[in-house]
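Please walk me through this structure in the viewer. I would like to know what to select at each step and what I should find there.

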Amino acid sequence: MIPLFKVLMSPEAEKAATEVLRSGYVGQGPKVEEFERLLKDYYRSDTDILTLNSCTSAIDLALHLCDVGPGDSVLTSAMTCTASNSSIVTRGAFPVWCDVDKYTGLIDPDSVDEALSETLQDCGRVKAIISVDWTGAKPDYAKLRKLNIPIIEDAAHCFSPFGDNHGDFVCNSYQAIKLLTACDGGSLKCPTPEITERARLLRWYGLDRRTSKSFRCSQNIPVGNIGFKYHMNDLNAAIGIANMPSAIEALKKQQNNARFYSDALKELRGVTLPALDPQWLYMLLVDDRDAFMAYMSSRGIETSHVHARNDKHDGFQHVSSQPVSLKGLDYYSAHNVAIPVGWWLTLENLEYIAESIRIWSKTQ
């Protein structure tokens with residue numbers, strides 16, 4: 001079976017991990033600081049990058065920094081991993097579902113604007129927008145910014161420099177099967193140095209780890225700064241550092257593989273190619289998805305729609321009302337399917353997958 005996902009682990013990672021294990025310092029320490037410097041340079045960030053134990057923690061910390069609490073509302077997309085929206089619920093707030101573009105799965109700024117207007121009339125406590133960079137592509141953040149609501153960018157599918165098109169808070173993932181893996185982990189970019197400094201304290205209970213005086217027992221945590229145990233440790237950071245060169249090369253390979261498909265697959269019946277260039281997932285839109293997936297499996301090719309729309313989970317059913325139509329989400333979630341695009345694919349693999357799709361298309 002040609003796999004949809006694989007773990008990218010550099011040969012250097014084992015040595016790096018062993019050095020940390022034998023160092024006597026396995027918590028948050030010098031390797032975390034080194035990893036954060038590398039990430040800041042790679043992403044070309046204007047503020048420090050803070051590493052955390054997961055992208056989920058990054059989203060939750062961003063929600064905390066936006067003062068999201070019980071009874072508040074967060075405008076968001078249901079076309080994502082449940083981790084994107086779980087913290088809204090655990091904070092006692094309400095996810096307000098916005099529609100997505102039917103061809104990309106990305107949140108629709110016009111739908112966000114409409115949902116914001118309707119929700120403000122209802123309760124007036126919209127604290128943030130969560131926007132997911134689905135497949136690694138990005139929505140129009142400039143248009144979202146015009147709504148003057150803090151934007152939390154779930155960039156778990158992205159591993160590339162930020163550029164100009166990004167949210168106020170950017171949350172990245174270094175989970176097992178991401179392009180850059182630290183076995184697990186995440187990072188958070190905040191919009192200003194002042195908010196970054198507050199987040200730096202909040203990720204470790206509200207204490208400043210840059211001073212070790214009396215093991216920090218003498219530090220006073222101010223009102224509103226009691227925090228979390230969200231920090232990364234040196235073991236994960238060392239693995240992330242070791243994997244960075246391989247991840248950068250893997251991104252280039254996956255982008256080249258995506259271009260191969262776009263060039264090789266023309267005038268298909270019943271199959272639509274991605275409308276935007278992806279980074280992590282190559283998502284097709286297929287008219288008869290279930291039959292297509294069964295066909296691809298019979299030819300030894302793994303496929304998946306990866307995530308189910310969140311609004312269908314019972315755990316998210318406490319939303320009091322649905323302010324906008326979700327026709328784009330209805331279409332996209334019923335037709336999207338990922339095919340292998342990873343760095344491990346050979347030219348023979350790519351040609352075989354493309355030919356399989358062409359054969360399927362001729363039967364439609």
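Here is a short tour, from the whole chain down to one small sheet.

**Start with the whole chain.** Keep in mind that this is a predicted model. Colour by secondary structure, and you can look for 11 helices and 10 strands in the chain. Along the principal axes, the C-alpha atoms occupy a box of roughly 70 × 55 × 35 Å. How does the radius of gyration fit with a compact globule? For 364 residues such a globule would be expected near 21 Å, and the chain has 21 Å, so the two agree.

**Switch on the surface.** The accessible surface is about 15,900 Å², and 51% of that belongs to carbon and sulfur atoms. Of the 364 residues, 54% count as buried. Now turn to contacts between residues at least 6 apart in sequence: 69% of these join residues at least 24 apart.

**Select residues 271–272, 282–286 and 336–339.** These are strand 8, strand 9 and strand 10. Together they form an open sheet in the order 8-9-10, with antiparallel pairing. Strands 8 and 10 stand at the edges with a single partner strand each, so one side of each has no neighbour in the sheet.

**Zoom in on strands 9 and 10.** Four bridges link this antiparallel pair. Which residue of strand 10 stands opposite Leu284? Pick Val337, and you have found the residue facing Leu284.

**Finally, add residues 327–335.** This is helix 10, which lies across strand 9 and strand 10. Relative to strand 9, helix 10 runs at about 105°.

Notes: Residues are numbered from 1 along each chain as its sequence is written. This is a predicted model: local features need pLDDT of at least 70, side-chain atom pairs count only at pLDDT 80 or more; totals for chains, interfaces and linings use all residues. Side-chain values use heavy atoms; hydrogens and water are left out. Two strands pair if DSSP finds at least two bridges between them. Helices (H or I, at least four residues) and strands (E, at least two) are DSSP runs, numbered from the N terminus. Contact means heavy atoms within 4.5 Å. Axes are lines fitted to C-alpha atoms, for helices over the stretch in contact, and angles run from 0 to 180 degrees between N-to-C directions. The radius of gyration is taken over C-alpha atoms; the globule rule is 2.2 Å times the number of residues to the power 0.38. Buried means under 20% relative accessible area, exposed over 50%, partly exposed in between (1.4 Å probe, protein chains only). Accessible areas come from the Shrake-Rupley method with a 1.4 Å probe; for residues, only the protein chains shown count as cover.
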